[in-house]
Amino acid sequence: MTTELGPREKKRLWFELGLVAALSLGQSAIYAIVRLADIATRGPISEAQAKLNTSLSPRPGFDLIYQLLDIGFTLVPVLLALYLLTGDHAQPRLSTRLGVDGHRARDLGHGTLIFLLIGIGTLGVYAGGRALGITAEVQPANLGDHWWTLPVLVLAAAKNGILEEVLIFGFGAQRLRQLRYGPWTIIIGLALFRASYHLYQGIGPFLGNVAMGLIFGWYYLRKGRLMPLVWAHFIIDAVGFLTPGVLSLVDLG
C-alpha cells in the first residue's frame with residue numbers, strides 16, 4: 001500500500017529534479033535547442049559541424065589540466081543527485097535501488113550486448129541523417145596528438161556514461177516513480193529528454209537518442225540495474241571517440 005504524497009513533498013521532489021537538471025543535462029538541452037536554431041537559420045544542417053572533445057588551450061600542459069577539471073566538475077551534479085537520494089526515508093539501500101550492487105561480470109556482459117545493439121543502429125541513423133541533410137557532421141575527437149589524448153578521451157567517455165545514466169535513471173526515474181508516474185510515461189519522457197540535449201547534432205541524432213532512451217528505459221525499469229547502461233554508454237562513446245574514422249566511413253552527407 002503506497003502513501004499518497006502531500007503537496008509539499010511533491011513540490012520538493014519537483015524542485016530537486018529541476019535543480020539537478022538546471023545544473024547539468026537540462027542546461028545542455030536548452031543550449032542544444034538554441035544551437036540547432038542557430039545552425040538551421042544559417043544554412044543547411046548538413047553543412048554544420050558538431051565538434052566534441054575540443055581543445056581548451058593551445059598549450060598542451062594547460063589543455064590537459066582544463067580537460068581534467070572539466071570532467072571533474074561536470075560530475076558534481078551526480079554527487080548532488082546521489083546526496084539527495086540518500087535523504088529518502090523508509091527506502092531500500094541506495095546501491096540496491098540503483099542496481100549497482102554485485103553482479104559486476106553480468107552487468108558488463110549485458111552492457112556489451114546493449115552496445116552491440118545500439119552501436120550498429122547509431123551508425124545507421126547517423127548515415128541516414130547525413131544522407132537526408134538533417135544531421136550535422138559529428139567530429140568526436142578534437143584534442144590533437146598528445147601523450148594524454150587517449151586517456152582523456154576514455155575518461156570523457158566514462159564521464160558521459162556516469163553523468164547521463166545516473167542522472168536520467170538513477171535520479172530522474174527514481175523521483176518520477178516517487179511522483180507516481182507510470183512506467184511508459186517515465187520511459188518516453190526521459191527518452192525525449194535524453195534526445196533534447198543532443199539536438200545540436202541535428203534531427204538524426206535526436207531520433208537516434210529517442211530510440212536509445214526507449215531501449216535503456218525499458219531495460220532499467222524491467223531489470224532495475226543501472227550499471228549495464230553505464231557500461232553500454234561508456235563503450236559506445238569510447239568507440240566513437242577513439243575510432244572517429246568510423247563516422248567518416250558511413251558519412252554520406
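Select F216 in this predicted model. Leaving aside residues up to four places away in sequence, F216 touches I114, I118, E165, F169, R194, L229, A232 and H233. Now keep F216 selected and add F169: within the largest nonpolar core, which has 37 residues, these two touch the most other members. Next, colour helix α7, which gives the most to this core, with 8 residues. Apart from this core lies another one, of 22 residues. To find that second core, select A32, L143, V152 and L247, which are among its members.

Return to α7, which covers residues 149–178, and add helix α4, residues 76–86. The axes of the two helices come within 10 Å and cross at roughly 25°. Angles under 35 degrees count as roughly parallel, and α4 is therefore roughly parallel to α7. The crossing of the pair is left-handed. To display the contact, select P77, V78, A81, L82, L84 and L85 on α4, together with I162, L163, V166, L167, G170, F171, Q174 and R175 on α7. By class, this contact has 11 nonpolar, 2 polar and 1 charged residues.

Two loop residues complete the tour. Select H103, in the loop between α5 (94–98) and α6 (104–132). H103 is not a glycine, yet its phi is positive, at about 55°. With 43% relative accessibility, H103 counts as partly exposed. Finally, move to R180, in the loop between α7 and α8 (183–196). R180 is not a glycine either, and has a positive phi of about 75°. R180 counts as partly exposed, at 40% relative accessibility.

Definitions and conventions:
Residues numbered from 1 in each chain as written. Predicted model: local features only at pLDDT ≥ 70, side-chain atom pairs only at ≥ 80, totals over all residues. Heavy atoms only, no water. Axes fitted to C-alpha atoms, helices over the stretch in contact; angles between N-to-C directions. Helix = DSSP H or I, 4+ residues; strand = E, 2+ residues; numbered from the N terminus. Parallel < 35°, antiparallel > 145°, perpendicular 65-115°, else oblique. Left-handed = near helix turned anticlockwise from the far one by under 90°. Contact = heavy atoms within 4.5 Å. Nonpolar A, V, L, I, M, F, W, Y, C, P; charged D, E, K, R; others polar. Core = buried A, V, L, I, M, F, W, Y, C linked by side-chain atoms within 4.5 Å. Buried < 20%, exposed > 50% of the residue type's maximum accessible area, 1.4 Å probe, protein only.
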